[in-house]
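Work through the exercises below with the model open. Each task is followed by a stepwise solution.

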Amino acid sequence: MKNSRRTFIKLASLAAATLAVAPKAMASSGGHEPVSVNPKAVHAKQWAMVIDTTKLHTAEAIEKLAALCHADHNVPTVQSKKEIKWLWNDTYAHTFPEQENPHLAEEVHHRAYALLCNHCENPSCVRVCPTKATFKRPDGIVAMDYHRCIGCRYCMAACPFGSRSFNWEEPRKNLDLTKLNPEFPTRMRGVVEKCNFCVERLAVGKMPICAEASEGAIVFGDLYDPESPVRKVLREKFTIRRKPSVGTEPCVYYVI
Amino acid sequence: MKMHYGFPIIAGLLIFVVAITAPFAVGKAVTKQYKQPEPKKVVGEKECIESVEFMRTEHMQLLNEWRDWALRDGKRIYTNHAGKQFTISLQNTCMKCHTNKAEFCDKCHNDAGVSPYCWDCHVQPEGLK
């Protein structure tokens, strides 16, 4: 054929053009959108928490909340360095090492401080995770996809707050199997775990379990909504955060 | 032409042929007929998430998509091809209908020689011991 080269190029460019539109055309065919968000779910740009340490400051009170959290998420009880913690408590010196002045108000110094994952705006754990098992959700929660965790523990090295625990042994050995929450999975040996800001509760419109049970001592809300309960407290009360100089921008604030 | 070592060669060949065809000859008598596994029927419900044929062959794919949708995209409601909605959850949806893992999932999996590691973390409806 005389025009063979011309026709070939025309056909080729036509084919290239269809390649560009075909995926869109195919994606829209049928109009079946299989997944959606529960209409009851609550949303935010960045979930944040304010813990009022004038109200919540004893180890017993914090341990009671921790027990609720740990029962809800099937967190095993291990009494050693291999401890698994989602919500725990510690001293002022360990909580705010950068803000430790000599001759600090005694009462403040002797309080117990509730600790959990800070769900940082600029999380170092997310940067180091080689499998993206730890990732930042659009609502700011630093979430873990346990299915992808390979147990390398880079995130534990990267977290400045010690918010992550490694399952050195089979967690089910240290759980009361008759009292498991059947709605939530456990973890297995060899994965890291941490507080999840109760994503599974937010997804059905409930508040995190510790905030709900705290009788007002823990406030939860959207950091970027000026009308949110969190912003209201931040406007009115003096708050500090843990290790601000590290630059991870923690989203858990403490009223002192 | 004379064949060197004719007897051992022929005998060896014969033994080889008998050995290699033995499974076909005696196999039927020795091995059992393969039977399709019979997973436990669901009581009270007629339909699965999708058609039975689809579930039979694609449930592992569906579960894989389910966990990404729920955990990574934060979308926890699945609408099937008939327009019916389900909460995306292995423990709280699949296993609420298929209330016996041993008599359902395991029935097929044992035959197929797969042992999904899901149950290292997910709690089976029978509970743990």
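**Exercise 1.** Find the salt bridge that Lys96(B) makes, and put it in the context of the interface.

*Solution.* Start with the pair. The side chains of Lys96(B) and Glu183(A) form a salt bridge at 3.6 Å, N to O. The rule asks for a side-chain nitrogen of Lys or Arg within 4 Å of a carboxyl oxygen of Asp or Glu. Next, count across the interface of chain A and chain B: the rule finds three salt bridges. Then sort the side of chain A that touches chain B: 14 residues are nonpolar, five polar and nine charged. Here Ala, Val, Leu, Ile, Met, Phe, Trp, Tyr, Cys and Pro count as nonpolar, Asp, Glu, Lys and Arg as charged, and the others, Gly among them, as polar.

The model is predicted: local features need pLDDT of at least 70, side-chain atom pairs need 80 or more, and totals for chains, interfaces and linings use all residues. Residues are numbered from 1 along each chain as written, chains are lettered from A and ligands numbered from 1 in written order, and side-chain values use heavy atoms, without hydrogens or water.

**Exercise 2.** Size the interface of chain A and chain B.

*Solution.* Take the residues: chain A gives 28 and chain B gives 26 to the contact (heavy atoms within 4.5 Å). Now the area. The two chains bury about 2,500 Å², 54% of it on carbon and sulfur atoms. This is accessible area (1.4 Å probe) lost on being put together, summed over both parts.

**Exercise 3.** Which residue is the bridge partner of Ser36(A) in β1(B)?

*Solution.* Ile77(B) is the partner.

Definitions and conventions
Pairing = 2+ DSSP bridges. Helix = DSSP H or I, 4+ residues; strand = E, 2+ residues; numbered from the N terminus.
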